[in-house]
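Please open the structure in your viewer and keep the selection tool at hand. We will go from stop to stop, with something to pick out at each one.

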Amino acid sequence: MSTRRTLLVAGAATAAGVAVPAPARATAPDRELRRILKEIDPVRIEAIVRRLVSFGTRHTLSSQDDPVRGIGAARDWILAELQRHAAASGGRMTVELQSFIQPVSPRIPAPTRITNVIATLRGSVTPERIYVVTGHYDSRVTDVMDAVKDAPGADDDASGVAVIMELARVLATRAPESTLVFAAVAGEEQGLYGSDHMAQRYRDAGADIQAMFSNDIVGTGDAHDGTRDDPRTVRLFVEGVPTSETTAEANTRRSVGGENDGPSRQLGRFVKDVEPAGMDVRVVWRRDRYLRGSDHISFLLRGYPAARFTEPRENFDHEHQDVRVENGIQYGDLPEFCDFAYIARVARVNATALWSLAQAPGTPKGVVVDTTQLTNATTLRWQVGTEPDLAGYEVVWRETTAPDWQHSLPVGKVGTVTVDLSKDNVFFGVRAVDTTGHRSPVAAPRPAG
Ligand SMILES: [Zn+2]
C-alpha cells in the first residue's frame, strides 16, 4: 500500500471527534466462541486430573515403559486421548510425540528421554501463524530427584494439562483461522527441558509463534489456608523488559523507554481486553513469581511473546511435597485440593484468548516510528498484512505514565500514517482489525532513522 495519510489530532486530551477512546474490549465474543465456552466441561476436567494422578508418579526420571505407573504410562494415555480428539477434527488436528535425549544436567543424573505430547490444529486461513498453549505433565515431591514416591501433581500441573486437553477436545471440531498448538510438556520440574526443546525446534524452523501461554498451577482459587476463596481470579504473569532483548534494543530503551511495551506486555493487555464474563485476569507485570519459573520462559528466550497463567494464591503445603500428614496437616498435591469448576473457568480464559488471537489478523510486523528528523509530528510505518479479511489498522497511544492504551484512531488499510502528536510525549502502537472487528495485539514501534 502506498497510500499516505496525515491525520491531524489536536492532542490526546482534546482528540475527541477524531480519535476515540480505546475500547474496553478489543473484540466482542462471537457466537462460535460462546459455544466453545459452553462446551468446556468441569466433569471431563476432573476425570483428566484424577486419571493423571492415578499414574502414581509422573516424575521425569520415573518408568517410561511400565504400563500402569510412571511418566511413560501418563504419556501414552495423553497421546491416546489427543488422538481421539484429532479423529473428530476432519484431518485438521495432528498429534505427535516429540522426543529427545536430555544429556546429564543438574537434575538429570543420566541421559534421559523426555517426550512432549503435541496436538496441532492447522489454521484454515493463515496456518503459518501459530499460537501455543502448554501444561506440564511431569510431577515431583519434596526431593526433586525422587522418582519413586507418589507424586500426584494434581494442581502442579495436572490442572494445566487438563486445560490443554479439554481445549484440544472442544476446538478439534472447529476451524480457527490460524494454527493452535496444545502441548503437554515434560521435564519442567527438572529444568524446563521439554518446553526448551520444543521452543528451539520452532525457532530452528523459523516458526511464526505470535503468542504462547503456560498453564501451570491453575487448580483452585481456594488456598485452603483460611483466606477467602477467590474463584473468579487467575493471575497472568507477563514480563516487561524482554528476556531476549538485544544490546541495541536495550540502548533504545534506556534512551526513550519502552520497558512496558515489549510483545509480552502487549499480549497481557490483549488477554485482559478479551477476558470472558465472570472471570478476572489479574495481570502481573513480572516474568514470574519470586524463585519460580515455568515453560513460558523457554519461549521468551527465543524471542516469542509468552505468559504464564497461575492461580491467585498458592498453598505451598500442597506443591512439591511428599504426601504425608504431619502435626495434623495434610501435605501433598492431591486432587481433593482442586476445584474443577475453577479449572474449567481458566480453560475458558485460555479459549477466549486463543480463539480471539486466531480469528484476528496477526500482530502488525515491521512497525517503526520515523526518527530521521526532529519534528513534533509522528510518522509510523508497518508492513500491510495479507489476511484476506484484513480491514485496516488502528494507531493507539497513551500518556507515558499510563498503564494501558487510552486512545485509538482508525487509519484505514495503509502502511504509513503521520499523526500530529509528538512521539516524545506519548507511547504509540499499531494494531490490525478485520472486517468483523477482531483486533490483533498491539505492536509498539522501533525507531528507524
Ligand atoms: Zn509446575
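Start by selecting D157, which lies in helix α4. Now add the residue before it and look at the bond between the two: D156 and D157 are joined by a cis peptide bond, with omega of about 10°. This is a predicted model, so please read every value on this tour as computed from predicted coordinates.

Stay with D156 and bring up the zinc ion. Which protein atoms serve as its donors? Select H136 (NE2), D156 (OD) and D216, the last of which is listed with OD twice. These donors lie 2.0 to 2.7 Å from the zinc ion. If you display the angles among the 4 donor atoms, you will find a range of 52 to 145°. The site is classed as irregular, because four donors count as tetrahedral only if all angles lie between 85 and 135 degrees. For comparison, the ideal angle for four tetrahedral donors is 109.5 degrees.

Next, colour the chain by residue number and find the donors again. Their spacing in sequence is H-x19-D-x59-D. D156 sits in helix α4 (residues 154–171), while D216 is in the loop between β7 (208–215) and β8 (233–237), so this pair ties together parts that are 60 residues apart in sequence. Switch on a surface and check both aspartates: D156 and D216 are each buried.

Move one residue along to I217, in that loop between β7 and β8. What is its phi? I217 has a positive phi of about 70°, although it is not a glycine. Is I217 buried or exposed? At 1% relative accessibility, I217 counts as buried, because the cut-off for buried is under 20%.

Now jump to L291, in the loop between β9 (280–284) and α9 (296–301). Here too phi is positive in a residue other than glycine, with a value near 70°. Its setting is another matter: L291 has 89% relative accessibility and counts as exposed.

For the next stop, show helices α2 (residues 42–53) and α10 (residues 340–359). They pack at an angle of about 110°, with their axes 8 Å apart, which means that α2 is roughly perpendicular to α10. To see the contact, select P42, I45, E46, V49 and R50 on α2, then F340, A341, I343, A344, A347 and R348 on α10. By class, this contact has 8 nonpolar and 3 charged residues, and no polar ones.

Keep α10 on screen and add helix α8 (residues 263–274). The angle between α8 and α10 is about 110°, and their axes are 9 Å apart, so α8 is also roughly perpendicular to α10. On the α8 side, pick L267, F270, V271 and V274; on the α10 side, pick T352, A353, S356 and L357. What classes of residue make up this contact? The contact of α8 with α10 has 6 nonpolar and 2 polar residues, with no charged ones.

Finish at D204, in helix α6 (residues 193–204). D204 is exposed, with a relative accessible area of 60%. For a last distance, pick the C-alpha atoms of D204 and I71: they are separated by 28 Å, and the two residues are 133 residues apart along the chain.

How values were computed:
Residues are numbered from 1 along each chain as its sequence is written. This is a predicted model: local features need pLDDT of at least 70, side-chain atom pairs count only at pLDDT 80 or more; totals for chains, interfaces and linings use all residues. Side-chain values use heavy atoms; hydrogens and water are left out. Donors are N, O and S atoms within 2.8 Å of the metal (3.2 Å for Na, K and Ca); water is not among the atoms, so sites may look incomplete. Four donors count as tetrahedral if all angles lie between 85 and 135 degrees; four count as square planar and six as octahedral if opposite donors are over 155 degrees apart and all others between 65 and 115; anything else is irregular. Helices (H or I, at least four residues) and strands (E, at least two) are DSSP runs, numbered from the N terminus. Buried means under 20% relative accessible area, exposed over 50%, partly exposed in between (1.4 Å probe, protein chains only). Axes are lines fitted to C-alpha atoms, for helices over the stretch in contact, and angles run from 0 to 180 degrees between N-to-C directions. Angles under 35 degrees count as roughly parallel, over 145 as roughly antiparallel, 65 to 115 as roughly perpendicular and the rest as oblique. Contact means heavy atoms within 4.5 Å. Ala, Val, Leu, Ile, Met, Phe, Trp, Tyr, Cys and Pro count as nonpolar, Asp, Glu, Lys and Arg as charged, and the others, Gly among them, as polar.
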